[in-house]
Amino acid sequence: VFPWFGLDIGGTLVKLVYFEPKDITAEEEEEEVENLKSIRKYLTSNVAYGSTGIRDVHLELRDLTLCGRKGNLHFIRFPTHDMPAFIHMGSEKHFSSLHTTLCATGGGAYKFEQDFRTMGDLQLRKLDELDCLIKGVLYIDSVGFNGHSECYYFENPTDAERCRKLPFNLENPYPLLLVNIGSGVSILAVYSKENYKRVTGT
C-alpha cells in the first residue's frame, strides 16, 4: 500500500527515502485518496521543506523497479533536531489516515517512537540499522545510479599517471569490509548478506 517511505533517524541527520510510483493505473488513481495525492505532490514538487529540509535531486534514482512497481526514489534530509516539526507536518497532512506504517532505522527510531505515536498517530516499524545498511548497499549496486555503477575502485592508486576510477561489481563481494560514516563510524566485516559483525568503530 502506498505511500512507501523509509527513515534513517541518525544522531545528526534524518534521511527519508520516498518511492514515487510512475506506473499508477487509471483505477488506482481513481481510488487514490486526496491525502495521498497531496503528499506525493508536496514531496515531489519541492526541493526545500521549511528552513532545513532538502530533497537531493541529484541523488534521485529514476525509472527503477521496486517490489514489482516502476517509479523514482527521492532522497530528503533534515536535521534530527527538527524531527518534532516533521511529525507535526505529518499530522497536519493526515499521514495517519493512510493507515501506513513508517519503516525506520537508526537510534532515533527508538528515541522518537513515542512522539510518532502520540503526536502523529503513526506506527514505526523499527529495522536493524546494520541489516538495512548492507541490504541498501547491495540494492543500490544492483540497480545502479541512473544507469551508472555506484560502487567503484581505483586501479593503480599510487601511480598518478595510470590511476583510473573503475566500476566495482558487488555480485559476489564476500568477504568485505563495510565502513559506515555518519555521526559515528562503524566498520563491519561482512561474510554474506545475513552474516556480518561490527569489528570496530566509534
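# Asking why in a predicted fold

Mentor: Start at one pair: phenylalanine 19 stands opposite leucine 73 in strand 6. The model is predicted, so local features need pLDDT of at least 70 and side-chain atom pairs need pLDDT 80 or more, while totals for chains, interfaces and linings use all residues. Residues are numbered from 1 along each chain as its sequence is written, and side-chain values use heavy atoms, leaving out hydrogens and water.

Trainee: What makes strand 2 and strand 6 a pair?

Mentor: Pairing takes at least two bridges found by DSSP. Strand 2 and strand 6 have 9 bridges and run antiparallel. Therefore they count as a pair.

Trainee: Which way do strand 4 and strand 6 run, and over how many bridges?

Mentor: Strand 4 (residues 53-55) has 2 bridges to strand 6, and the two run antiparallel. Arginine 55 stands opposite isoleucine 76 there. Strand 5 (residues 61-66) also pairs with strand 6, in the antiparallel sense, over 4 bridges. In that pair, leucine 61 stands opposite leucine 73.

Trainee: Why is strand 6 called largely enclosed?

Mentor: Buried means under 20% relative accessible area, exposed means over 50%, and partly exposed lies in between (1.4 Å probe, protein chains only). In strand 6, 8 of the 11 residues are buried, so the rest of the structure largely encloses this strand. For the whole protein of 202 residues, 34% count as buried.

Trainee: Why is arginine 40 called buried?

Mentor: Its relative accessible area is 15%, so it counts as buried. Arginine 40 lies in helix 2. Beyond its neighbours within four places in sequence, arginine 40 is in contact (heavy atoms within 4.5 Å) with Tyr18, Glu20, Pro21, Ile24 and Glu32.

Trainee: Aspartate 63 is what: buried or exposed?

Mentor: Its relative accessibility is 61%, so aspartate 63 is exposed. It is found in strand 5. Its phi is positive, about 55°, although it is not a glycine.

Trainee: Why is a positive phi worth a remark?

Mentor: Most residues other than glycine have a negative phi. Histidine 94 also has a positive phi, near 60°. It is found in the loop between helix 3 and strand 7. Its relative accessible area is 45%, so histidine 94 is partly exposed. Cysteine 67 has a positive phi near 55°, in the hairpin of strand 5 and strand 6, with 2 residues between the strands.

Trainee: What joins tyrosine 174 and proline 175?

Mentor: A cis peptide bond, with omega about -5°. Most peptide bonds are trans. Proline 175 lies in the loop between strand 10 (164-167) and strand 11.

Trainee: How do you know which strands stand at the edges of the sheet?

Mentor: The sheet is open and has 3 strands, in the order 11-12-13, with antiparallel pairing. Strand 11 (176-181) and strand 13 (196-201) each have a single partner strand, so one side of each has no neighbour in the sheet. Between strand 11 and strand 12 (residues 185-190) there are 6 bridges. Valine 179 stands opposite isoleucine 187 in strand 12. Helix 6 (residues 129-143) packs on this sheet and touches strand 11, strand 12 and strand 13.

Trainee: What makes up the largest nonpolar core?

Mentor: A nonpolar core is a set of buried Ala, Val, Leu, Ile, Met, Phe, Trp, Tyr and Cys residues joined through side-chain atoms within 4.5 Å. The largest one has 25 residues; Phe5, Leu7, Ile9, Met83, Phe86 and Phe116 touch the most other members. Helix 3 gives the largest share, 4 residues. Phenylalanine 116 touches Leu7, Ile9, Met83 and Phe86, among others further than four places away in sequence. Apart from this core lies another, of 9 residues, including Leu133, Ile134, Leu138 and Cys151.

Trainee: How do helix 3 and helix 5 cross, and which residues meet?

Mentor: The axes of helix 3 (residues 83-92) and helix 5 (residues 113-120) come within 9 Å and cross at roughly 35°. In helix 3, Met83, Pro84, Phe86, Ile87 and Ser91 meet Asp115, Phe116, Met119 and Gly120 in helix 5. By class, this contact has 6 nonpolar, 2 polar and 1 charged residues.

How values were computed. Axes are lines fitted to C-alpha atoms, for helices over the stretch in contact, and angles run from 0 to 180 degrees between N-to-C directions. Ala, Val, Leu, Ile, Met, Phe, Trp, Tyr, Cys and Pro count as nonpolar, Asp, Glu, Lys and Arg as charged, and the others, Gly among them, as polar.
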